[in-house]
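Please open the structure in a viewer and keep the sequence panel visible. The tour proceeds by selections, each followed by a short account of what is found there.

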Amino acid sequence: MYLLDQACFEPGIAYSRAELRRFLRLPAADGVVCERDGAIAGFAIGYLSDRTAHIVTLDVAADHRREGIGKSLLGELLRRFAKTGAREARLEVAVENSGAIAFYEGLGFRRRRRIPDYYGSGRHAFEMGKEL
């Protein structure tokens with residue numbers, strides 16, 4: 001998962017091994033993985049806080065994009081969180097990542113606010129949210 005995250009995101013946005021482990025060890029964490037030909041093609045990690053599902057990351061290998069994997073992974077993760085009482089989901093995405101923003105908007109997420117310097121100095125994010 002670490003190697004895929006490093007391939008999907010640039011330095012400063014990609015998570016370290018320790019960060020991924022920390023998220024996965026949270027008591028309210030959940031994750032889903034998609035395998036193709038014995039390798040991880042994609043994964044999603046999130047956690048529940050109060051009644052909000054926070055999506056930490058959604059990663060799909062470049063050679064498996066546009067196959068519906070991301071949509072399936074996120075859908076399953078949100079379904080699990082809704083089943084345990086989540087009322088909404090939220091995530092952060094880099095403001096310049098127009099492809100990801102369009103993907104999330106296509107799944108019903110809406111931009112809620114801009115977060116200055118979320119990924120470091122001058123690297124802003126949108127918080128996006130969706131009712132479940």
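How do the residues of the lining of the largest pocket divide into nonpolar, polar and charged? Before selecting them, note that this is a predicted model.

**Stop 1: the largest pocket**

Display the largest pocket, which holds about 880 Å³ of space. To centre the view, select F9, L58, N97, A100 and Y104: among the 34 residues that line this pocket, these are the closest to its centre. Next, colour the elements that give two or more residues to the lining, namely β3 (52-60), α3 (69-83), β4 (88-94) and α4 (98-106). The largest share comes from β3, with 7 residues. The opening question can now be settled: the lining residues divide into 19 nonpolar, 7 polar and 8 charged.

**Stop 2: a salt bridge within helix α3**

Remain with α3 and show the side chains of E76 and R80. The two form a salt bridge, and their closest N and O atoms are 2.8 Å apart. Why does the helix bring this pair together? E76 and R80 are 4 residues apart in helix α3, so about one helical turn separates them. Both side chains may also be inspected in a surface representation: E76 is partly exposed, with a relative accessible area of 25%, and R80 is likewise classed as partly exposed, at 28% relative accessibility.

**Stop 3: E127 and its two arginine partners**

Move to E127 and display R90 with it. The side chains of E127 and R90 meet in a salt bridge with an N to O distance of 3.8 Å. This pair links distant parts of the chain: E127 belongs to strand β6 (residues 125-131) and R90 to strand β4, 37 residues apart.

Is E127 buried or exposed? With a relative accessible area of 8%, E127 falls under the 20% cut-off and is therefore buried. R90, at 32% relative accessibility, counts as partly exposed.

Keep E127 selected and add R113. E127 forms a salt bridge with R113 too, the closest N and O atoms being 3.6 Å apart. Here the link runs from E127 in strand β6 to R113 in strand β5 (residues 110-115), 14 residues apart. R113 is partly exposed, its relative accessible area being 47%.

Now select D30, E76, R79 and R80, which salt bridges with shared partners join into one network. For the wider context, a search of the whole structure finds 9 salt bridges.

**Stop 4: a nonpolar patch on the surface**

Switch to a surface view and select M1, L24, V33 and I40. These residues form a nonpolar patch on the surface, and together they have about 300 Å² of accessible area. Of its members, V33 can be placed in strand β1 (residues 29-36). V33 is partly exposed, with a relative accessible area of 44%.

**Stop 5: two loop residues with positive phi**

Return to a backbone representation and select D37, in the loop between β1 and β2 (39-49). The phi of D37 is near 50°, a positive value in a residue other than glycine. What is the relative accessibility of D37? The value is 82%, and D37 therefore counts as exposed.

Then select R66, in the loop between β3 and α3. R66 is not a glycine, yet its phi is positive, at about 70°. This residue is exposed as well: the relative accessible area of R66 is 87%.

**Stop 6: two separations across the chain**

To finish, draw two distances between C-alpha atoms. Begin with K71, which is found in helix α3 and is exposed, with a relative accessible area of 53%. From K71 to R123, 52 residues apart along the chain, the C-alpha atoms are separated by 26 Å.

For the second distance, select G108, in the loop between α4 and β5. G108 counts as partly exposed, at 33% relative accessibility. The C-alpha atoms of G108 and I13 are separated by 24 Å, and these residues are 95 apart along the chain.

Key: Residues are numbered from 1 along each chain as its sequence is written. This is a predicted model: local features need pLDDT of at least 70, side-chain atom pairs count only at pLDDT 80 or more; totals for chains, interfaces and linings use all residues. Side-chain values use heavy atoms; hydrogens and water are left out. Patches are made of residues with over 30% relative accessible area and no salt bridge: like charges are joined within 9 Å, nonpolar side chains (Val, Leu, Ile, Met, Phe, Trp, Tyr) within 5 Å. Accessible areas come from the Shrake-Rupley method with a 1.4 Å probe; for residues, only the protein chains shown count as cover. A salt bridge is a side-chain nitrogen of Lys or Arg within 4 Å of a carboxyl oxygen of Asp or Glu. Buried means under 20% relative accessible area, exposed over 50%, partly exposed in between (1.4 Å probe, protein chains only). On a 1 Å grid over the protein atoms alone, a cavity is a set of points where a 1.4 Å probe fits but cannot get out, and a pocket is an open set with protein on both sides within 12 Å along at least five of seven lines; lining residues have an atom within 4 Å of a point. Grid points are joined across faces, edges and corners, and a volume is the space filled by probe spheres set on the points. Ala, Val, Leu, Ile, Met, Phe, Trp, Tyr, Cys and Pro count as nonpolar, Asp, Glu, Lys and Arg as charged, and the others, Gly among them, as polar.
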